[in-house]
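Let's take a walk through this fold, with an eye on how strands, helices and aromatic rings fit together. Have your viewer ready.

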Amino acid sequence: MKLVIQGKNIEITDSIHEYVNQKIEKAVSHFQQLTTEVDVHLSVARNPRINPKQTAEVTIYANGTVIRAQESSENLYASIDLVADKIARQLRKYKEKRQSKVSKAKTVEMIESQPVEQDLIGDRQPELPSEVVRTKYFAMSPMTVEEALEQLQFIDHDFYMFSNAATGEINVIYKRYHHGGYGLIQPRPTNGHSSNGKVAHNTDEVAGIESAEV
């Protein structure tokens, strides 16, 4: 199992590295046959208004599935403890779903894990607005809406962007907090205008995803 630890506004000391390694190894000890890589991101907020300030985020790559958890508290080691417990529960849930599919003898089309390009932008220099504080790149394998919903349940986010295998388009599936259930955002060839020429807005879609951190 490959373990990568990164820090933002914090030095990853030997003691922190050893503690993370110990906690994560324990969390994935029963799922190592499923786990290929674990990325750990530790950060400390410099803004005194942000509370809690110390965050631990864990992303696990398991046979083409991404499983993610994040926890924050006033103490970095406590955050690591909390996120290790959460990621262990997520892995257990993932394993139970896999076993359930096998026991029901259903044919499941597994999406092959695509290797992530090491150089995603080549010699281009990204130009981002000042408000953007973090950018992520990831391989986007085509999948069904059902598979995207399953991914959403494992990444600890409010929404999940994916390439729809049926249409080849980029879709977003998200949690609907006000009315329950999930919603699906799909592109339309109308440049954002409804049939009567007015700009179309869906407040439920905006409310469902605006609070999420990509």
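What follows starts with a sheet and moves on to the aromatic pairs. Keep in mind that this is a predicted model.

Start with the open sheet, which has 4 strands in the order β1-β2-β3-β4 and mixed pairing. The edge positions go to β1 (residues 2-8) and β4 (residues 65-73); each has a single partner strand, so one side of each has no neighbour in the sheet. On average, neighbouring strands here are turned by 15 degrees against each other, if you ignore direction.

Now zoom in on β1. This strand runs parallel to β2 (residues 37-44), and 7 bridges join the two. If you want a spot to click on, Lys2 has Glu37 of β2 as its bridge partner. Helix α1 lies across β1, β2 and β3 (residues 54-62), and α1 runs at about 135 degrees to β2.

That helix also leads us to the rings. How many aromatic pairs does a search of the whole structure find? The search turns up 2. In one of them, Tyr19 and Tyr77 meet edge-to-face, 4.8 Å centre to centre with 80 degrees between the planes. Tyr19 sits in α1 (residues 14-27) and Tyr77 in α2 (residues 76-103), so this pair ties together parts that are 58 residues apart in sequence. Tyr19 is partly exposed, at 21% relative accessible area, and Tyr77 is partly exposed too, at 31%.

Then there's Tyr94 with Phe154: their ring centres are 5.4 Å apart and the planes stand at 90 degrees, so this pair is edge-to-face. Tyr94 belongs to α2, while Phe154 is in the loop between α3 (145-152) and β6 (159-164), so the pair ties together parts 60 residues apart in sequence. Are these two residues buried or exposed? Both Tyr94 and Phe154 are buried.

Notes:
Residues numbered from 1 in each chain as written. Predicted model: local features only at pLDDT ≥ 70, side-chain atom pairs only at ≥ 80, totals over all residues. Heavy atoms only, no water. Phe/Tyr/Trp six-rings, centres within 6.5 Å; stacked < 30°, edge-to-face > 60°. Buried < 20%, exposed > 50% of the residue type's maximum accessible area, 1.4 Å probe, protein only. Pairing = 2+ DSSP bridges. Axes fitted to C-alpha atoms, helices over the stretch in contact; angles between N-to-C directions. Contact = heavy atoms within 4.5 Å.
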